[in-house]
Amino acid sequence: MASLPVVQAPAPESFGKTLRRDRWWTSPLLTAATLIIAGGYATLAIIFGEGAAYAPPYLSPFFSPCLGESCHPEFRIASIPTFGLSPALLVMAVVFGFRTTCYYYRKAYYRSLFMDPPACAVGEPWGKGYRGETFFPLVLQNFHRYFLYLALIVLAFLWYDTAKAFEFEGRLGVGLGSIILTVNSVLLTGYLLGCHSFRHLIGGSVDCTGCSRFGKARVGAWKKASWFNAFHGSWAWASLVFVCIADLYVRLVASGAIHDPRLVF
Ligand code: FES
């Protein structure tokens, strides 16, 4: 007689209880550590680190676009009064809003920081009564598309500042910093191009692509964005970690701790 299939019972409801035998806690632990380290580093660099954010022709990506009156004149886009605060706080508000409302990051920090739940089939601490994102403040996650529009503007300025990283006192050149800042911009672009809201914006908001204006072009763009979207989590992590590395590199050059190898033509 054939044996009956084994059916797993649902996870116990108390926090951390589970029937899983794998190391389910590895992923939330690593995720939480990365978010806390990268977020903490970025916050400290932005609030207290303006002095070492400029190493012409390199500008820390946290300070791009440079909008404060205290910005280095070589990078200043506008002299908006910042009342003694770091000019990067303006940019941070956009980037922080964009990343925290990102569909991928929501999953990451709901699991790793809120433990809601920490992993599939693992008990969570908040009990019953799931209401999704229908209440304040989680209802604000719906603003993601508006943060996307602002992030597109920030990205355009980031590429402008990246292009300037190839100009050494009026001469064309390339340094290790130029390459690092370019890689940073590529990763952030890949992250943004795979954004669910961006994909919807360029090709997903019509019921009939064949009947809409630029329908064929939109389908093509949507397919390309879908490629980026399939790896959205990887772009998200790579761009988060690398933007900190790029900032650190500019600081090390600005402080004279390291010498930037460069070729000037
Ligand atoms: Fe992740 Fe928009 S969904 S950036």
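Start by selecting the six helices α1 (26-48), α2 (88-100), α3 (103-112), α4 (144-164), α5 (176-193) and α8 (232-254), each of which supplies at least two residues to the lining of the largest pocket. The model on the screen is a predicted one, and the pocket that these helices help to line has a volume of about 720 Å³. Among the contributing elements, α1 gives the most to this lining, with eight residues. To find the middle of the pocket, select Val95, Phe96, Arg99, Leu240 and Val243, which lie nearest its centre out of the 31 residues that line it.

**Arginine 99**

Keep Arg99 selected and follow its backbone, which belongs to helix α2. Is this arginine buried or exposed? Arginine 99 counts as buried, because its relative accessibility is 10% and the cut-off for a buried residue is under 20%. Now display its surroundings: with neighbours within four places in sequence set aside, arginine 99 is in contact with Tyr105, Leu188, Tyr191, Ala236, Ser239 and Leu240. One of these partners, alanine 236, is worth a distance label, since arginine 99 and alanine 236 are 137 residues apart in sequence, yet their C-alpha atoms are 8.6 Å apart in space.

**Threonine 189 and the cavity**

Move next to helix α5 and select threonine 189, which has its place there. At 17% relative accessibility, threonine 189 counts as buried, and beyond its neighbours within four places in sequence it is in contact with Leu155 and Trp159.

Where in the model is there enclosed space, and which residues line the largest cavity? Rolling a probe the size of a water molecule over the atoms shows where empty space is left. A search of the whole structure finds one cavity of 30 Å³ or more, and the largest cavity has a volume of about 50 Å³. To see its lining, select Leu59, Leu158, Asp161, Thr162, Leu181, Asn184 and Ser185. The elements that give two or more residues to this lining are α4 and α5.

**Two cis peptide bonds**

Now turn to the strands at the start of the numbering and select prolines 56 and 57, which are joined by a cis peptide bond with omega of about 10°. Proline 57 lies in the loop between β1 (54-55) and β2 (58-59). Continue along the chain to serine 64 and proline 65, where a second cis peptide bond is found, with omega of about 0°. Proline 65 has its place in the loop between β2 and β3 (66-68).

**Two residues with positive phi**

Most residues other than glycine have a negative phi, and most peptide bonds are trans. With that in mind, select phenylalanine 83, whose phi is near 55°, a positive value in a residue other than glycine. Phenylalanine 83 lies in the loop between β4 (76-80) and α2, and at 73% relative accessibility it counts as exposed.

Then select methionine 115, where phi is again positive and near 55° in a residue that is not glycine. Methionine 115 is found in the loop between α3 and α4, and how far it is covered can be read from its relative accessibility of 26%, at which it counts as partly exposed.

**Leucine 172**

Go on to strand β6 (residues 171-175) and select leucine 172 within it. Is leucine 172 buried or exposed? Leucine 172 is exposed, because its relative accessible area is 59% and the cut-off for an exposed residue is over 50%. Apart from neighbours within four places in sequence, leucine 172 is in contact with Phe166, Leu263, Val264 and Phe265. A label drawn from leucine 172 to proline 261 joins residues that are 89 apart in sequence and 14 Å apart in space, C-alpha to C-alpha.

**The whole model**

Finally, clear the selection and colour the protein by secondary structure, which comes to eight helices and seven strands. The C-alpha trace spans about 85 × 50 × 40 Å along its principal axes, and 40% of the 265 residues count as buried. Of the contacts between residues at least 6 apart in sequence, 67% join residues at least 24 apart.

With the surface switched on, the accessible area comes to about 15500 Å², and 68% of it belongs to carbon and sulfur atoms. If the charged side chains are then displayed, the mean positions of the 22 positive and 14 negative charges are 11 Å apart.

Key: Residues are numbered from 1 along each chain as its sequence is written. This is a predicted model: local features need pLDDT of at least 70, side-chain atom pairs count only at pLDDT 80 or more; totals for chains, interfaces and linings use all residues. Side-chain values use heavy atoms; hydrogens and water are left out. Helices (H or I, at least four residues) and strands (E, at least two) are DSSP runs, numbered from the N terminus. Buried means under 20% relative accessible area, exposed over 50%, partly exposed in between (1.4 Å probe, protein chains only). Contact means heavy atoms within 4.5 Å. Accessible areas come from the Shrake-Rupley method with a 1.4 Å probe; for residues, only the protein chains shown count as cover. Lys and Arg count as positive and Asp and Glu as negative; His and the chain ends are not counted. The place of a charge is taken as NZ of Lys, CZ of Arg, CG of Asp or CD of Glu. On a 1 Å grid over the protein atoms alone, a cavity is a set of points where a 1.4 Å probe fits but cannot get out, and a pocket is an open set with protein on both sides within 12 Å along at least five of seven lines; lining residues have an atom within 4 Å of a point. Grid points are joined across faces, edges and corners, and a volume is the space filled by probe spheres set on the points.
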